[in-house]
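Okay, thanks for coming, everyone. Have a look at this one with me and I'll talk you through the parts I picked out.

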Amino acid sequence: MSDFELIHRPAISTKPVGSSDAFAMKAMPEGTLIHILGKPGAENLTATLQGLFGGEANRIRTFGPGQWLVVRDEPTSRSDMQALFERLDTRAFAVDQTHGRIRIEVAGRAVQSLLAKGTAIDLNAVAVGQSAMTLMGHISVHITRVALNRFELIVLRGFGQSLWDEIAHLNADF
């Protein structure tokens, strides 16, 4: 957590792309994004994190071995975040990534075909609620399937506009 309040500025276009049933893309609220790092070889903290941050669908996402992302649409105040971090005690470390990463939602009946153009993941094998780190073109992206035809992409803020433009370009066929 930073030692001072950060000024919020949008990293990508806030104008939705596409609005058909085949494809639509929109920027998600920046809200809250926390990276949780467990100790190597430690217990699975998913249940603990659901207790601390809420158990709503897709709120706690795997980010790698012993790592999770906590995602909220709503912002969390600095004092509330500090209190949550203290409740983790010594079981894990938490890093506020709210201003370091952005979320993009892509949806529609053609969304799997569109994303398949840019990533090597077999999206048919990704169940609702599952996440994976992968590349979308040359950009590192965390993909979560949030519904049958809806995915959420989390990307480093500095690459957000490039990913947005790339997906909009891939959408040209739909």
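First, a bit of vocabulary: helices (H or I, at least four residues) and strands (E, at least two) are DSSP runs, numbered from the N terminus. This is a predicted model, where local features need pLDDT of at least 70, side-chain atom pairs count only at pLDDT 80 or more, and totals for chains, interfaces and linings use all residues. Residues are numbered from 1 along each chain as its sequence is written, and side-chain values use heavy atoms, with hydrogens and water left out.

Right, helix 1. Just after helix 1 comes Gly 54, with a positive phi of about 105°. Within helix 1, residues 46-53, the buried ones are Leu 49, Leu 52 and Phe 53. Buried is under 20% relative accessible area, exposed is over 50%, and partly exposed is in between, using a 1.4 Å probe and protein chains only. Looking down the axis of helix 1, those buried residues sit within an arc of 75°, so they line one face of the helix; the arc is taken over directions from the helix axis to the C-beta atoms. And what's on the face turned away? Exposed Ala 47 and Gly 51.

Now the sheet. There's an open sheet of four strands, order 4-5-3-6, with antiparallel pairing. Strands pair if DSSP finds at least two bridges between them. At the edges we have strand 4 and strand 6 (92-96), each pairing on one side only. Strand 3 and strand 6 run antiparallel, joined by five bridges, and Gly 38 stands opposite Ala 92 in strand 6.
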